[in-house]
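Subject: Structure for your review

Dear colleague,

Please find below the structure that I am passing on to you, together with its sequence. My notes on it follow.

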Amino acid sequence: MTNSLTHQPVPLLFSEEVREALHEGRPVVALESNVITHGLPYPDNAATARKVEEAVRAGGAVPATVAVEGGRIVVGMTDADIDRFASTPGIPKVSSRDMPVVLAQGGMGALTVASSLVAAELAGIPFFSSAGIGGVHRGAERTMDVSSDLIQFTRSKVAVVCAGAKKILDLGLTLEYLETQCVPVVSYRSDDFPAFYCTSSGFRSPLRLDDDEVIARSIEHHWALGNNSSFLITTPVRPEDAIDSDEVDAAIGEAMRAAERDGVRGQAITKYLMRAVDRATEGRSAKANMAVLVSTAEVGGRLAAAHAAYRKGLRG
C-alpha cells in the first residue's frame with residue numbers, strides 16, 4: 001500500500017498589477033527584496049528598489065519584488081511594502097533553506113537570489129533579475145563554501161538575468177559547477193562571463209547569444225527537454241559604469257595576502273575581501289553597484305518581454 005503525503009500550498013499574496021499581468025500573459029520579472037534591507041540605509045534603500053523596478057518597466061515588463069511576511073510570500077511589493085521593509089530594522093535575510101521556518105513563524109523576511117527563485121517559480125514568473133549571483137568561494141576545496149544560489153539553479157525553472165558574480169569568488173570553479181550541473185550559461189551580446197561591476201571575469205562565456213527571440217526560444221527548449229533547472233543569462237555592466245578589472249584583481253590579491261597573515265578564514269574571508277575592494281576603489285564600487293542593479297533589471301525586462309511574445313506566438 002502506497003502512502004501519499006499531500007501538503008498545503010504556501011499562500012501567495014499578489015499585488016493587483018502582478019496578478020493582472022500574469023493572468024493576461026504579459027511579461028513579469030521577479031526581483032529580490034534583500035537589496036532593500038541589507039544594502040543602503042533608509043530612505044536610499046527604498047529609492048534604489050524603486051529605480052530597479054523602473055528599469056524593469058523601461059525594458060517592457062512588470063516588476064515583482066518578492067518577500068515573506070505574515071506567513072505568506074508577497075509577490076509584487078507595493079510602495080507601502082517597500083517603505084515598511086526599508087525602514088524596519090532587523091529584518092532577516094532569508095535564503096531558500098530558511099523559508100519554511102520564517103513562513104511558519106509569520107515574520108518579515110527579505111529574500112535572496114535562491115529564495116527569490118523559489119518564490120518566482122511558485123508564482124508562475126519565468127524571469128528573475130539580480131545584480132550578481134553567488135558562486136563557489138575561494139578556498140572551497142577546504143571549506144566546502146558554495147553559495148546556495150548555485151544549488152537552487154539546479155531546482156528552479158526560472159530564467160535568471162545577472163551580471164555574473166563578484167571577483168572575490170572563484171569564478172573558474174563557479175563556471176565548472178554550473179557546467180557539471182547542466183545549467184546553461186549564456187552571455188548576452190558579450191563574449192565573456194562578467195564579474196559584477198567588471199565587464200569581464202577573465203573567463204570566456206560558454207555561449208553567446210545576441211538575439212532576444214533566440215534567447216526566448218532557447219529557454220523554452222531547455223525546459224521542453226525535461227530540465228527542471230534555471231537558464232542563466234549574463235549581461236555586463238555598461239563600460240562607462242564599470243570598474244577596471246586589473247584594479248579589482250590587485251585589491252583582492254593584496255587582501256588575500258593580508259587575510260592569510262591575519263588569520264582570517266572561512267566565511268569571514270568574503271566580507272574581508274569585499275571591504276578591501278571598497279577601500280581600494282574609494283567608494284566607486286557603491287556607484288557601480290547601483291549601475292549594475294539598474295542595467296541588469298532593464299535587460300531582464302527586455303528579455304522577459306521577448307519571451308512573453310514568443311510564448312504568445314506559440315499559443316497562436
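In this predicted model, Phe 127 touches a set of residues drawn from several parts of the chain, counting only those beyond four places away in sequence. They are Val 28, Val 29 and Ala 30, then Val 158, Ala 159 and Val 161, then Ile 219 and Ile 233, and finally Gly 300, Leu 303, Ala 304 and His 307.

Phe 127 belongs to the largest nonpolar core, which has 80 residues. Together with Phe 153, Tyr 197, Leu 232 and Ile 233, Phe 127 is among the members that touch the most others. Helix α13, spanning residues 284-315, supplies the largest share of this core, namely eight residues. Another core, of eleven residues, lies apart from it and includes Ala 49, Ala 67, Ile 82 and Ile 91.

Helix α13 also packs against helix α3 (residues 44-59), with the two axes 6 Å apart and at an angle of about 30°. As angles under 35 degrees count as roughly parallel, α3 and α13 are therefore roughly parallel to each other. Their crossing is right-handed. On the α3 side, the residues that meet α13 are Thr 48, Lys 51, Val 52, Ala 55, Val 56, Ala 58 and Gly 59. Their counterparts in α13 are Met 290, Leu 293, Val 294, Ala 297, Glu 298, Gly 301, Arg 302 and Ala 305. By character, the residues of this contact divide into nine nonpolar, three polar and three charged.

Met 108 may also be of interest to you. This residue is placed in the loop between α5 (99-105) and β6 (109-111). Its relative accessible area is 21%; because buried means under 20%, Met 108 is classed as partly exposed. Leaving aside neighbours within four places in sequence, Met 108 is in contact with Val 68, Glu 69, Arg 84, Phe 85, Thr 88, Ile 91, Pro 92 and Val 102. One of these, Ile 91, is a member of the core of eleven residues. The C-alpha atom of Met 108 is separated by 17 Å from that of Asn 45, a residue 63 places away along the chain.

Lastly, helix α6 (residues 113-123) is mostly covered, with eight of its eleven residues buried. The buried residues are Val 113, Ala 114, Ser 115, Ser 116, Leu 117, Ala 119, Ala 120 and Ala 123. Gly 124, just after α6, takes a positive phi of about 80°.

Yours sincerely

Key: Residues numbered from 1 in each chain as written. Predicted model: local features only at pLDDT ≥ 70, side-chain atom pairs only at ≥ 80, totals over all residues. Heavy atoms only, no water. Core = buried A, V, L, I, M, F, W, Y, C linked by side-chain atoms within 4.5 Å. Buried < 20%, exposed > 50% of the residue type's maximum accessible area, 1.4 Å probe, protein only. Helix = DSSP H or I, 4+ residues; strand = E, 2+ residues; numbered from the N terminus. Contact = heavy atoms within 4.5 Å. Axes fitted to C-alpha atoms, helices over the stretch in contact; angles between N-to-C directions. Parallel < 35°, antiparallel > 145°, perpendicular 65-115°, else oblique. Left-handed = near helix turned anticlockwise from the far one by under 90°. Nonpolar A, V, L, I, M, F, W, Y, C, P; charged D, E, K, R; others polar.
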